[in-house]
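Hello,

Here is the structure I promised to pass on to you. Have a look at it first, and then read my notes below.

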Amino acid sequence: ISEREDILESAQYFMGVALLAARRSRDPSTQVGACIVNEEKKIVGVGYNGMPNGCGDDSLPWRRSGDNPVETKYFYVCHAELNAIMNKNSADLKGCTIYVTLFPCNECSKLLIQAGIKNVIYLSDKYHKLDNVIASKKMLDLTCDSPTEPVEKNVVR
Ligand SMILES: O=c1[nH]c(=O)n([C@H]2C[C@H](O)[C@@H](COP(=O)(O)O)O2)cc1CO
Ligand SMILES: [Zn+2]
């Protein structure tokens with residue numbers, strides 16, 4: 001019997017879990033998933049963007065824009081990274097790697113850094129021109145073990 005040659009690589013597996021989590025998001029425009037992996041390559045937290053617990057799926061707006069910012073989603077939605085950290089099933093996240101389907105914003109990067117996460121692997125970087133993402137990269141460059149890197153897009157399905 002020959003050895004299987006098409007086993008899923010670990011990065012593809014963990015990003016695959018992040019992509020599956022993203023599919024749970026009710027955000028009509030951007031669904032984000034995050035998967036935190038420890039140094040033993042065990043999954044220790046998964047999350048996706050959604051409204052805070054108990055707020056009810058239809059009680060808060062999912063709109064992106066409007067005259068009144070209180071009527072848009074941005075004040076309310078919990079980012080995927082926040083949820084993945086809060087869902088952690090290990091004592092701490094020191095030295096962990098996070099796989100995220102969208103490059104983390106500055107607020108999430110602060111959370112990741114303070115939690116001890118040392119590597120960020122992402123899929124989309126569609127907001128790279130925004131100031132908050134530029135600031136986010138500055139912080140991650142200072143704190144991560146290896147440069148934040150995109151996963152090979154063509155291998156994730
Ligand atoms: O780091 C992030 N993590 C995350 O979960 N999100 C979520 C918040 C919103 O629900 C959605 C972004 O929405 P929009 O693309 O419509 O602006 O993605 C957004 C960012 C920003 O990069
Ligand atoms: Zn964020």
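Below I go through the annotated residues and then one of the helices.

Please keep in mind that this is a predicted model.

**The binding site**

Let's start with what the UniProt record says. Its unreviewed entry gives the annotation "binding site" to His79, Cys105 and Cys108. These residues are spread over 30 residues of sequence, yet they cluster in space, with a largest C-alpha distance of 9.0 Å. Two of the annotated residues, His79 and Cys105, also belong to the lining of the largest pocket.

Try finding His79 in the viewer: it sits in the loop that runs between strand E2 (43–48) and helix H2 (80–86). Is His79 buried or exposed, or something in between? Its relative accessibility is 33%, so His79 counts as partly exposed. If you set aside the neighbours within four places in sequence, His79 is in contact with Asn49, Cys105 and Cys108. Two of those partners, Cys105 and Cys108, carry the "binding site" annotation as well.

Cys105 lies in another loop, the one between strand E3 (97–102) and helix H3 (106–115). Buried means under 20% relative accessible area, and Cys105 has 14%, so it is buried. Again leaving out neighbours within four places in sequence, the contacts of Cys105 are His79, Glu81, Asn132 and Ser136.

**The active site**

One name in that last list deserves its own paragraph. The feature "active site" is placed at Glu81 by UniProt, again in an unreviewed entry. You will find Glu81 in helix H2. With a relative accessible area of 4%, Glu81 is buried. What does Glu81 touch, not counting residues up to four places away in sequence? Its partners include Cys105 and Cys108, which both appear in the "binding site" annotation. The others are Ala34, Ile98, Val100, Leu102, Pro104 and Leu112.

**Helix H1**

Finally, take a look at helix H1, which covers residues 10–22. This helix has 13 residues and reaches 18 Å from its first C-alpha to its last, close to the 18 Å expected at 1.5 Å a residue. Which residues of H1 are buried? They are Ala11, Gln12, Phe14, Met15, Val17, Ala18, Ala21 and Ala22. These buried residues pack against strands E1 (33–37), E2, E3 and E4 (119–124).

Enjoy exploring, and write back with any questions!

Best wishes

Methods:
Residues are numbered from 1 along each chain as its sequence is written. Chains are lettered from A and ligands numbered from 1 in the order in which they are written. This is a predicted model: local features need pLDDT of at least 70, side-chain atom pairs count only at pLDDT 80 or more; totals for chains, interfaces and linings use all residues. Side-chain values use heavy atoms; hydrogens and water are left out. UniProt positions are given in the numbering used here, feature names are shortened, and annotations may be inferred rather than shown by experiment. On a 1 Å grid over the protein atoms alone, a cavity is a set of points where a 1.4 Å probe fits but cannot get out, and a pocket is an open set with protein on both sides within 12 Å along at least five of seven lines; lining residues have an atom within 4 Å of a point. Helices (H or I, at least four residues) and strands (E, at least two) are DSSP runs, numbered from the N terminus. Buried means under 20% relative accessible area, exposed over 50%, partly exposed in between (1.4 Å probe, protein chains only). Contact means heavy atoms within 4.5 Å. The expected span of a helix is 1.5 Å times one less than its number of residues.
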